[in-house]
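Q: Please pick one part of this model and take me through it closely, as you would for a fellow modeller. I would like the cut-offs behind each term as well.

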Amino acid sequence: MTAWLVSLMEHVGGVGVALAIALESIFPPIPSEIILPLAGFTAARGSMSLFGAILWATMGSLLGAWALYGIARWFGLHRIHKAVDRIPGVSRKDVNKANEWFNKYGTWSVLIGRVIPVVRSLISIPAGFNQMNFVKFSGWTFLGSAIWNTVLVTAGYMLGDQWCSILGVLNVFEDVIIVVFALVLVFFAWRWVRNLIRERRSTQSHE
């Protein structure tokens, strides 16, 4: 697959990058952790500019996300469950996980979900069948994808032939992101509870 992806990007250029990333967004078994550093590596070989690789990758992410959003909005959760059971490497549990993220964190999940494994691709599905505003969905998707794509494409560009060395680091990076995000949520929950307790004490003192 690696050789095919490099060949596709070298012969078709940015369109090949966008196509590969769009497919990754629709079919999660295709990992962006491989495609994006490869796009940077291909750019380093002179097939395209670094900025062009990032831009094309982000457009591909957006197109793939639009496709899943539209399918989910049109068919609904029940039919989506039946469809994903037929896709190798994906199950309805993955869709339910993405849906839990969306229900718990709202529209922010579309942004944060772009750096979380599996959720990164599937978050478009609950956004679709929950009928999230399309403009907001597109904006958060573009921003989150641009950040993720910039990091990985640039890393592949700088590492060159050693691009595969980034894969181990990515696993640690993703774990750190999850932990930091969880700590932020705990902090806001603690502050909310503290303020609620203060309000109740203030109300009782006035009584």
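A: Let's begin at phenylalanine 134, which is partly exposed with a relative accessible area of 39%. Buried here means under 20% relative accessible area, exposed means over 50%, and partly exposed lies in between, with a 1.4 Å probe and protein chains only. This is a predicted model, in which local features need pLDDT of at least 70 and side-chain atom pairs count only at pLDDT 80 or more, while totals for chains, interfaces and linings use all residues. Residues are numbered from 1 along each chain as its sequence is written, and side-chain values use heavy atoms, leaving out hydrogens and water.

Now to the rings. Rings of Phe, Tyr and Trp (its six-membered ring) pair if their centres lie within 6.5 Å; planes under 30 degrees apart count as stacked, over 60 as edge-to-face, and the rest as tilted. That rule gives three aromatic pairs. In one of them, the ring centres of tryptophan 66 and phenylalanine 134 are 5.7 Å apart with the planes at 35°, so this pair is tilted. It bridges distant parts of the chain, since tryptophan 66 belongs to helix α4 (residues 50-84) and phenylalanine 134 to helix α9 (residues 134-159), 68 residues apart. Helices are DSSP runs (H or I, at least four residues), strands likewise (E, at least two), numbered from the N terminus. Tryptophan 66 is partly exposed, at 31% relative accessibility.

Phenylalanine 134 also pairs with tyrosine 69: the centres are 5.5 Å apart and the planes at 55°, so this pair is tilted. Here too distant parts of the chain are linked, tyrosine 69 in α4 and phenylalanine 134 in α9, 65 residues apart. Tyrosine 69 is buried, with a relative accessible area of 4%. Trp66, Tyr69, Phe134 and Phe137 together make one aromatic cluster.

What leads into α9 is worth a look. Glutamine 131 sits in the loop between α8 (124-129) and α9, and its phi is near 55°, a positive value in a residue other than glycine. Glutamine 131 counts as exposed, at 54% relative accessibility.

Next, the other partner helix, α4. UniProt, in an unreviewed entry, places "transmembrane region" at residues 12-30, 50-72, 140-160 and 172-193; its positions are in the numbering used here, feature names are shortened, and annotations may be inferred rather than shown by experiment. Over residues 50-72 the chain is 100% helix and 0% strand, and the end C-alpha atoms are 33 Å apart.

Helix α4 also reaches the surface. Phe51, Leu55, Met59 and Phe142 make a nonpolar surface patch of about 380 Å², and α4 provides the largest share of it, three residues. Patches are made of residues with over 30% relative accessible area and no salt bridge; like charges are joined within 9 Å, and nonpolar side chains (Val, Leu, Ile, Met, Phe, Trp, Tyr) within 5 Å. A salt bridge is a side-chain nitrogen of Lys or Arg within 4 Å of a carboxyl oxygen of Asp or Glu. Accessible areas come from the Shrake-Rupley method with a 1.4 Å probe, and for residues only the protein chains shown count as cover. Leucine 55, found in α4, is partly exposed at 37%, and methionine 59, in α4 too, is partly exposed at 32%. Leucine 55 and glycine 14 are 41 residues apart in sequence and 8.4 Å apart in space, C-alpha to C-alpha.

Phe137 of the cluster brings us to the interior. The largest nonpolar core has 30 residues, of which Met9, Val17, Leu36, Val110, Ala127 and Phe137 touch the most other members. A nonpolar core is a set of buried Ala, Val, Leu, Ile, Met, Phe, Trp, Tyr and Cys residues joined through side-chain atoms within 4.5 Å. At least two of its residues come from each of α2 (14-26), α3 (32-44), α4, α5 (92-105), α6 (108-112) and α9, with α3 giving the largest share, six residues.

For the wider setting, the protein has ten helices and zero strands, and 43% of its 207 residues count as buried.
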